[in-house]
Each structure stands twice: as structure tokens, then as C-alpha cells.
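User: I would like to learn how to read pockets and helices in a model. Can you take me through one?

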Amino acid sequence: MFPVKLLPIRLLPCTTVGQCFTLVRSFTGGVTQWAKKAESLESVEPAAEELPVTFVDDDAESSEAREARIATLRNKSRLLPQHRNMLHGVLPYEESQSWIHETVKYKRMMLGRYGIDGSKVDPRVCFPTKKEAYEKAEYERVAFPFTLKQMMDANESESKAQEAQIQAREAEVARKLEKLDQWTTDLNARIAKKEAEARAAKERKDRLVEEVRRHFGFKVDPRDERFQEMLAQKEREDRKKVKEAKRKEKEEKLMDKLQKKTAQLEADIDVPSGEKTN
């Protein structure tokens, strides 16, 4: 144990006893810490002499270990080993690290990327097994039941049907366009007829109202009950006249039709008789 030499304590003028006691306690604590530190240094044995980290005995080190150490010192990229391997085009993992690395898909991908020697994968994994080949053939048989020739023929028939449908539609549109002028004329005629009928109905109504007013001989409110009754009576009479006129017109048309048909029959009868006479 190292001898502890206490330093002389200089007495400072203190106004109170408490301040002096605090100062003495601080010096005593410092001395105690120094003593404990000295004891810890004596208890620790001197460590064996070690070589620097960068110093390695080349005679005792094998060539493989030396190359590995040099490669480690050269790696300044701070990349993970698997990422550094991928950067240099080498297989990322020497051994499988996950269940994914044992799947067929992963092995095929490594074989296609790094080759047979670089991937360390059996190339037979790229070919389907008998079960897989059978399942694929069965799927194609169900999903694509028709041959290529059959599908081409069906596609050609469908194209022809669509073309025929388009041509028929275009022909119908052209035919209707030819009748467009006639349809426009007929529409205008119907519109004019309805307008004429509306005007005639209004004129007939006005005429009946005027006849009712003349019947009474004085101005009557159209909402009056007597006016409404007389107007209804006039309308009935007018409808009867119109109906009678239509009946007569129809009879005249029928008579004309019968006369024309009779004349045609007489002409047909006269022609054969004349032929026999000749």
C-alpha cells in the first residue's frame, strides 16, 4: 500500500463553527478516495504485454487466414456480407438462412442468375416432375379445350358475323336516310293538320259562343249556368252536323268506289265477248 501523505490543512478564518466543519469534511472525503484508488492499483496485476492490433506474425499465420484478414481490411463499404456478395455477382448466402431459400422458385432464380457453378443448385430443379407435368396438361385440357385451328376458325367466323352485322346496319341506315325527306314531309303534314284541327276547334268554339250570345240577345257571362247549358246544346247539335257530314262523305266515297268497280267489271266482261266475236 502506498503511503498516504496528508497535506497540512490551513486554518481559515470562519465566522461560524458550521462552515469550518463543512470544509474539514470535504478534505477528509478527498483523502479517503485517494486511498481507495491506491489500493485498487496495488491489487491489479500488471497485464501481459500485448502486440498492437495491426501487428500479426506472418510466420505463424496461414495463407488462407491472411487472405481473409486482408479481405476484411479492404472492405470499407460497410455493407452486409450478403449485400456485398450480390454487388460482386456472387451467391448471397453460402447456406440457407430461411425456408424461402429452400423453395423451388428461389433455387431456379439463383440458378438463372449465377449459373450452375455459382449457384450450387442442381439444374434438374428447373424441369417439372411427372406430377407437375400431368397437372399442367390436365389444366390446359380443361382451360383450353379447343385446338389452335379450331380457335382460329371460330375467330374467323365471329369476325365474319360481326362484319355482316355492320354491313346490315349500314344498309338499314342508308335505306332510312333515303326515306328521310318523305318522313320529314309527312311529319310536317301531320303537324300542319293538328294545327289546323286546333284552329278549327277554336273557331268552332268561338262561333258557338257567339251563337249562344245572339240567342239570348244580350251579353251573358260565360260562367253563367244558362250560358253553359245552351253552349252544351249547341255543341251537341254541331257534333251531329259534323257526324252527318262525315257519313255523307263516306257514302259518297263508297258510291264512287262501287261505280268504279262496276265499270271495271263491265269493261272486263266486254273484252272477252269482243274477242269471241272476232
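**The second largest pocket**

Analyst: The second largest pocket has 15 lining residues, and Leu91, Ser96, His101, Ser119 and Val121 lie nearest its centre. This is a predicted model: local features need pLDDT of at least 70, side-chain atom pairs count only at pLDDT 80 or more, and totals for chains, interfaces and linings use all residues. Residues are numbered from 1 along each chain as its sequence is written, and side-chain values use heavy atoms, without hydrogens and water.

User: What is the volume of the second largest pocket?

Analyst: Rolling a probe the size of a water molecule over the atoms shows where empty space is left. On a 1 Å grid over the protein atoms alone, a pocket is an open set of points where a 1.4 Å probe fits, with protein on both sides within 12 Å along at least five of seven lines; lining residues have an atom within 4 Å of a point. Grid points are joined across faces, edges and corners, and a volume is the space filled by probe spheres set on the points. Here it is about 230 Å³.

User: Where is the kink in helix 4 centred?

Analyst: Helices are DSSP runs (H or I, at least four residues), numbered from the N terminus. A bend is the angle between axes fitted to the seven residues ending at a residue and the seven starting there. In helix 4 the kink is about 90 degrees, centred on Arg113.

User: What is the phi of Lys120, which follows helix 4?

Analyst: Most residues other than glycine have a negative phi. Lys120 has a positive phi of about 60 degrees. Lys120 sits in the loop between helix 4 and helix 5 (130–143). Lys120 counts as exposed because its relative accessibility is 58% (exposed is over 50% relative accessible area, with a 1.4 Å probe and protein chains only).

Methods. Helix = DSSP H or I, 4+ residues; strand = E, 2+ residues; numbered from the N terminus. Buried < 20%, exposed > 50% of the residue type's maximum accessible area, 1.4 Å probe, protein only.
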